Amino acid sequence: MSDNNIYVTRSSIPPMEEYIEEISSIFDSHLLTNMGPKHHTLSNELTRYLKVDNVSLFSNGHMALELCLQAFGLEGEVITTPFTFASTAHAIVRSGLTPVFCDIDPVTYTMDPSKIEALITDKTCAIVPVHVYGNLCDTDAIEEIAKKHGLKVIYDAAHAFGVCKAGKGAGSFGDASMFSFHATKVFNTIEGGAICYSDDKIGEKLYRLRNFGILDQETVSDVGANAKMNEFQAAMGICNLRHIEEEIGKRKALYERYMSHLRNIPGITLCNIPDDVTHNYAYLPVVFDENVLNKTRDTIFADLAQENIFARKYFYPLVQDYDCYKDKYNSDSTPVAQYVANRVLTLPLYADLSMEDVDRICKIILK
Ligand code: T4K
């Protein structure tokens with residue numbers, strides 16, 4: 001992408017020399033994959049950075065979530081949110097489970113705990129909430145309900161890298177959490193992902209499931225997949241982690257610039273960051289109310305595109321409205337999610353974006 005277009009995000013990458021230096025030992029060892037030394041270093045560093053008990057690395061976030069659901073040996077229905085990326089529901093379905101969609105909270109856009117219990121049946125086995133845009137779910141309320149009904153809680157924390165609540169890492173809630181390290185995320189390993197967990201038995205299961213279920217050279221105990229992070233991915237992660245505070249700091253400054261233009265404008269709703277939360281500024285979601293602004297989200301999207309600024313409608317359509325799910329589900333059952341999905345736009349936000357570009361984007365929106 002050597003054009004002057006502005007996209008919703010732009011991958012962070014370390015200086016080329018730094019990456020070359022990091023990968024040079026791979027050229028000596030010829031160890032390219034299968035949990036090598038870089039893999040080991042990165043998982044140790046991430047365990048510290050994310051403030052979690054354990055980190056298991058994967059080839060991507062989606063496979064991490066899919067295999068995590070399988071590691072818990074779940075069967076039946078899983079309560080999740082329709083306001084998410086395709087991956088969340090697909091991981092549930094591809095693991096032989098049935099998603100049941102719960103509406104979202106109108107302020108955080110995460111699963112609304114007050115709507116969960118009405119969806120629990122004798123088939124429910126787990127809850128898979130999403131910390132959408134890095135906004136943390138109401139983890140206390142969700143986990144209280146899960147405990148009462150004997151359900152597992154596996155968070156899709158794809159967007160929540162580095163987010164903390166009262167000093168607790170986002171990956172330390174529930175039974176397990178999945179992070180995505182895709183190129184478009186705050187922290188990337190090109191493609192990649194991780195599961196954070198506390199129970200060592202789950203760790204052993206995850207270790208096997210990402211490597212064909214192989215226990216040792218003569219024993220294959222599980223029907224696993226191939227979802228290992230390779231050494232070049234891990235090396236990218238090692239480099240990117242060295243710069244993460246600076247990257248998040250730049251995002252924060254840009255986020256504040258956006259806020260200075262868009263805060264307190266009637267018809268524009270922004271997400272607020274609670275005082276006890278350290279955020280990662282992963283996304284900049286804005287909900288536009290067409291009745292107040294006299295223009296729709298789609299008009300604003302088109303006005304920006306006219307200026308080569310490509311915001312995204314994350315997350316529209318809702319999962320129930322996908323071609324592959326619409327015969328079985330109806331998004332009318334989640335009206336808050338429907339309202340937000342029809343009006344939300346995520347604006348460009350990445351470390352290299354300039355303040356002038358933020359000013360220009362806001363000017364187009366407010367014109
Ligand atoms: N759960 C949730 C809640 C998720 O959001 C995601 C992924 C997952 C699970 C699954 O995790 P992974 O298996 O992906 O690790 C992108 C990402 O591909 C996807 O990872 C992400 N969520 C989703 C929200 O966004 P697209 O289809 O919108 O990506 P794309 O290719 O249109 O890229 C968006 C912009 O990013 C481009 O306009 C330019 C920029 N970009 C893109 C790529 C691929 C770069 O700067 N560099 C790049 O290499 O899905």
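Start by selecting helix 7 in this predicted model, where ten of the twelve residues are buried, so that the helix is mostly covered. Colouring the buried positions will pick out E231, Q233, A234, A235, M236, G237, I238, C239, N240 and L241. If you then place a distance between the first and the last C-alpha of helix 7, the span is 17 Å, which is close to the 16 Å expected at 1.5 Å a residue.

Keep R242 on display and add E18, E22 and K38, since these four residues are linked in a network of salt bridges. By the rule applied here, the count of salt bridges comes to 18, and the next stops take three individual pairs in turn.

Select D222 and R208 next, whose side chains meet in a salt bridge with an N to O distance of 2.8 Å. D222 lies in the loop between strand 12 and helix 7 (231-242), whereas R208 belongs to helix 6 (residues 200-209), so the pair ties together parts that are 14 residues apart in sequence. Is D222 buried or exposed? With a relative accessible area of 11%, D222 is buried, and R208, at 17% relative accessibility, also counts as buried, because the cut-off for that class is under 20%.

From there, move to E117 and K148, a salt bridge in which the closest N and O atoms are 2.9 Å apart. E117 sits in the loop between strand 4 (98-101) and strand 5 (124-128), and K148 in helix 5 (residues 139-149), so this contact ties together parts that are 31 residues apart in sequence. A surface view is useful here, as E117 counts as partly exposed at 34% relative accessibility, while K148 is exposed, with a relative accessible area of 62%.

For the third pair, select R297 and D298, whose closest N and O atoms lie 2.7 Å apart in a salt bridge. The two partners fall into separate accessibility classes, for R297 counts as buried at 3% relative accessibility, whereas D298 is partly exposed, with a relative accessible area of 38%.

Now bring the ligand into view together with its surroundings. Which residues come nearest to the ligand? Of the 27 residues around the ligand, those that come nearest are D156, H159, S180, R312 and Y314. Zooming in on Y314, you will find a polar side-chain atom 2.5 Å from an oxygen atom of the ligand. With H182 selected, a polar side-chain atom of that residue appears 3.3 Å from an oxygen atom of the ligand, and with K185 selected, an N or O atom of the side chain can be seen 2.9 Å from a nitrogen atom of the ligand. Taken alone the ligand exposes 920 Å², of which the protein buries 77%.

Finish on the surface by selecting F212, I214 and V220, which form a nonpolar patch with about 260 Å² of accessible area together. V220 is found in strand 12 (residues 219-220), and this residue is exposed, with a relative accessible area of 58%. Strand 12 also leads back to an earlier stop, since the loop between strand 12 and helix 7 holds D222, the salt-bridge partner of R208.

Technical notes: Residues numbered from 1 in each chain as written. Predicted model: local features only at pLDDT ≥ 70, side-chain atom pairs only at ≥ 80, totals over all residues. Heavy atoms only, no water. Patch = residues over 30% accessible without salt bridge, like charges linked within 9 Å, V, L, I, M, F, W, Y side chains within 5 Å. Areas by Shrake-Rupley, 256 points an atom, 1.4 Å probe, with all protein chains shown as cover. Helix = DSSP H or I, 4+ residues; strand = E, 2+ residues; numbered from the N terminus. Buried < 20%, exposed > 50% of the residue type's maximum accessible area, 1.4 Å probe, protein only. Near = heavy atom within 4 Å. Polar contact = N/O pair within 3.5 Å; in protein donor to acceptor, adjacent residues only side chain to side chain. Expected span 1.5 Å × (residues − 1).
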